[in-house]
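This report introduces a protein model together with its bound ligand. The reader is invited to view the sequence and the structure below before reading on.

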Amino acid sequence: MSFGARALIRLGALTHNLHTIQHAAPGAKVMAVIKANAYGHGMLAVAEQLKGIDSLAVARLPEALELRRAGIETPITLLSGVFSSEELATALEHEFDVVVHCWEQLALIESSLDRALTIWLKIDTGMNRLGFDPRAAGDLIRRLRAANPLGEVRLMTHFADADNLDGALTTEQFRRIAAVVDGFEGAVSLANSAAMLGWPDIADARDRLNFTGDLWVRPGIALYGISPFVGRTGKELGLQPVMQFEARLIARKPLAAGSHVGYKGRYVSDATTQLGIIAAGYGDGYSRHFRDGTPILINGRRVPLIGNVSMDMLAVDLGPDARDAVGDIATLWGDGLPIEEVAPWADAIPYDLVCGIMNRESAKLVTE
Ligand SMILES: *Cc1c(COP(=O)(O)O)cnc(C)c1O
């Protein structure tokens with residue numbers, strides 16, 4: 001290992017997490033969400049590990065093309081769909097499944113479809129992001145089937161607040177999609193990680209909904225071993241963290257009481273101690289928003305971050321009796337220091353921390 005930061009990716013944990021997730025939705029087909037470089041975990045390695053899955057899902061066309069160029073032949077779903085006839089032609093050529101969420105995309109499909117396509121018709125049941133008004137669903141299904149006689153039309157929706165286990169919005173969204181789905185001849189997809197792990201009736205909605213096709217789930221964050229719920233770790237949900245983010249100590253020296261540390265001298269030490277400098281910064285994906293006191297694990301103990309995080313380095317208070325040596329490895333999140341516990345220190349959620357991992361030379365994603 002070099003002296004820079006690295007994100008170690010445990011591919012075996014991905015498979016473990018997939019099995020845990022499948023347990024929550026027995027019989028459901030799984031669309032593994034690997035957008036944004038697989039939440040910072042390295043899209044190609046993750047796709048390779050999960051290639052036997054029913055479908056992979058990415059947000060945008062270039063991500064899907066990168067997967068095909070790397071030889072991944074697994075079905076791929078474009079969660080944002082296509083936006084021009086060229087993009088539609090590319091999707092058809094590479095057999096990508098597409099989400100259709102707006103009238104412009106419907107028009108594209110009605111004007112230039114020359115081959116069978118698998119279409120996920122997205123219904124907006126209350127998130128107010130992508131998707132059609134539920135009242136339009138019946139008409140849209142008819143039109144999409146007419147435009148795509150050899151292909152499949154499926155239904156999907158997305159929950160806005162499923163990580164809130166008392167959320168009335170989730171119940172209301174489920175009620176709305178159940179009405180749309182009623183009597184549908186085709187496949188249906190509802191649940192993200194939070195809905196799968198927090199709402200068993202939604203994860204396993206087969207018996208509560210009236211439709212004839214497969215039920216699909218769309219886990220993202222849980223695949224990576226991270227809990228979608230604030231205040232609960234992935235471990236508590238039976239998941240294993242996939243990412244271990246770590247870096248080496250590259251300096252240790254005495255720090256007198258009253259010394260200023262780092263840019264702007266924001267932190268001032270209140271006692272004589274030993275300063276440690278660790279080779280991870282916001283240029284590696286360790287957020288600049290982490291506050292003084294953020295825990296960092298080194299040689300089995302937690303030490304506090306002090307001062308502003310730099311681009312390539314951060315400072316910690318190792319304590320007056322520290323014996324840590326240059327070259328020792330510190331954990332920024334991972335074993336013994338769950339990302340769910342660290343994230344609030346940067347007013348972050350684990351999603352944005354892992355997506356922020358930079359694949360710079362010194363912060364290479366290393367898989368094992
Ligand atoms: C990102 C995404 C998911 C996965 O969400 P998680 O909370 O990471 O499980 C599922 N569905 C859609 C439409 C998404 O955009």
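## The ligand site and the salt bridges

The ligand occupies the largest pocket of the protein. The model described here is predicted, and the distances and areas below are computed from it.

**Surroundings of the ligand.** A shell of 14 residues surrounds the ligand; those that come nearest are Lys-35, Tyr-39, Ser-193, Ile-221 and Tyr-351. Sorted by class, this shell comprises six nonpolar, four polar and four charged residues.

**Polar contacts.** Three of these nearest residues also appear in the table, which lists polar contacts made by oxygen atoms of the ligand.

| Residue | Protein atom in the contact | Distance to a ligand oxygen |
|---|---|---|
| Tyr-39 | side-chain N or O atom | 2.6 Å |
| Ile-221 | polar backbone atom | 2.8 Å |
| Tyr-351 | side-chain N or O atom | 2.6 Å |

The contacts with Tyr-39 and Tyr-351 thus involve side chains, whereas Ile-221 takes part through its backbone. The ligand on its own would expose 390 Å², and the protein buries 92% of that area.

**Salt bridges.** The model contains 16 salt bridges. One of them joins the side chains of Arg-143 and Glu-110, with a distance of 2.8 Å from N to O. This pair connects distant parts of the chain, its members being 33 residues apart. Arg-143 belongs to helix α7, which covers residues 137-147, while Glu-110 lies in helix α6, which covers residues 103-112.

Key. Residues numbered from 1 in each chain as written. Predicted model: local features only at pLDDT ≥ 70, side-chain atom pairs only at ≥ 80, totals over all residues. Heavy atoms only, no water. Near = heavy atom within 4 Å. Polar contact = N/O pair within 3.5 Å; in protein donor to acceptor, adjacent residues only side chain to side chain. Areas by Shrake-Rupley, 256 points an atom, 1.4 Å probe, with all protein chains shown as cover. 1 Å grid on protein atoms, 1.4 Å probe; cavity = no way out; pocket = protein on both sides within 12 Å on 5 of 7 lines; lining within 4 Å. Sits in = over half its atoms within 2 Å of the grid points. Nonpolar A, V, L, I, M, F, W, Y, C, P; charged D, E, K, R; others polar. Salt bridge = Lys/Arg side-chain N within 4 Å of Asp/Glu carboxyl O. Helix = DSSP H or I, 4+ residues; strand = E, 2+ residues; numbered from the N terminus.
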